[in-house]
Amino acid sequence: RALELDLRRALTAGEFQLYYQPLYHLGDDRVTGCEALLRWNHPDRGMVSPADFIPIAEEIGLIVQLGEWVLRQACAEAATWPDHVRLAVNLSPAQFRDRALVSTVVSALAVSGLPAQRLELEITESVLLQDNVANMSMLHDLKALGVRISMDDFGTGYSSLSYLRSFPFDKIKIDQTFVRDILEDSDAMAIIKAVLDLGSSLGIVTTAEGVETVEQLNALRDQGCAEIQGYFISRPAPASEIARLLGVEA
Ligand code: G
Ligand code: G
Ligand code: MN
Ligand code: NA
């Protein structure tokens, strides 16, 4: 496949770039984090979505190298942000097959100077689905560094609830499919309420993803949701634009 060959040289060719999407704290009324979202600026095809190339990177064994680049680049860029702004980075299940994942994180933090407490690693339940002791032990090792662990796309998997028992997550990110229908569908609203309750009972921060309108924001605020993310606050944007939004001097 053409994309596969291109992908192999894209890293050395410098075709990858990180965009960042703000996480907005409703109580504090300010941005308290940004999620790194990988972009591939392909010379002929233009911007290729990670949804299209990450599965290929996993297949051809490039995900570990690519994931390491993401971690190092994101930590370096986030180290220039104000202290109260955290960095969130997505980890693919395939990255957990790399025994060096924990030392890669340690090194990315050390080189960038970003404190561990400012890093949040987002995983989906497929990391736990592989249900192996090694993954679980790596998650505990990462948490022991002081890094936070978030469960991404919460509610879309088969047994999100049982995973909350298997690991002490710091954050639940409610999948955008629930938020999308919150005003039209009373069931979606009921589920969101239940997840917010669940989070507060377990002492886990709950973030609502995919907030696109002020009406959705207000509904979530009324339900006591602490943090939101979505196009209404900001679309994912290049590092320079995010730095400006955070008031970082150029
Ligand atoms: O904007 P969006 O198209 O960024 O992202 C599409 C999907 O790709 C999402 O599921 C997102 O979590 C994932 N993704 C984005 N950036 C990264 C990354 O750096 N690493 C991994 N593993 N997944 C990512
Ligand atoms: O899987 P993960 O939650 O990491 O992926 C986030 C994905 O959601 C990215 O593709 C990102 O671009 C997209 N996204 C972020 N905010 C919104 C939003 O408000 N609406 C929609 N439709 N997508 C969003
Ligand atoms: Mn995510
Ligand atoms: Na998500």
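Is strand 5 (residues 119-123) mostly covered or mostly open? The legends below take up that strand, its partners and the two ligand sites in this predicted model.

**View 1. Strand 5 and its cover.** Strand 5, which takes in residues 119-123, is mostly covered. Of the five residues in this strand, four are buried. For the chain as a whole, 38% of the 250 residues count as buried. As you follow the strand from one residue to the next, keep a simple rule in mind: in a regular strand, side chains alternate between the two faces of the sheet.

**View 2. Strand 5 beside strand 4.** Here strand 5 pairs with strand 4 (residues 86-90), and the two run parallel. Four bridges join them. To find your place, look for A88, whose bridge partner in strand 5 is E120. The path between these two strands is worth tracing as well: strand 4, helix 4 (residues 101-112) and strand 5 make a β-α-β unit, and that unit is right-handed.

**View 3. Strand 5 beside strand 6.** Strand 5 also pairs with strand 6 (residues 148-154). This pair runs parallel too, again with four bridges. A handy landmark is I123, which stands opposite M151 in strand 6.

**View 4. The surroundings of ligand 1.** Which residues are around ligand 1? They are A36, L37, L38, S49, P50, A51, I54, V70, N90, L91, S92 and P236. Two elements, strand 2 (30-42) and helix 2 (50-59), each give two or more residues to this shell. Sorted by class, the shell has nine nonpolar and three polar residues, with no charged ones.

**View 5. The surroundings of ligand 2.** How many residues surround ligand 2? There are 13, and the closest are N90, G210, E212, G230 and Y231. You may recognise N90 from the previous view, where it was listed around ligand 1. By class, the shell around ligand 2 holds four nonpolar, five polar and four charged residues.

**View 6. Stepping back to the whole chain.** To place the close-ups, it helps to see the full protein chain, with its eleven helices and ten strands. Its C-alpha trace spans about 50 × 45 × 35 Å along the principal axes. Why does the chain fit the picture of a compact globule? With 250 residues, such a globule would have a radius of gyration near 18 Å, and the protein chain has 18 Å, so the two agree. Among contacts with a separation of 6 or more, 65% come from residues 24 or more positions apart.

Key. Residues numbered from 1 in each chain as written. Chains lettered and ligands numbered in written order. Predicted model: local features only at pLDDT ≥ 70, side-chain atom pairs only at ≥ 80, totals over all residues. Buried ≥ 20, exposed ≤ 12 C-beta atoms within 10 Å, placed from the backbone. Pairing = 2+ DSSP bridges. Right-handed = clockwise from strand over helix to strand, strands pointing away. Near = placed C-beta within 6 Å. Nonpolar A, V, L, I, M, F, W, Y, C, P; charged D, E, K, R; others polar. Rg over C-alpha atoms; globule rule 2.2 N^0.38 Å. Contact = placed C-beta atoms within 7 Å.
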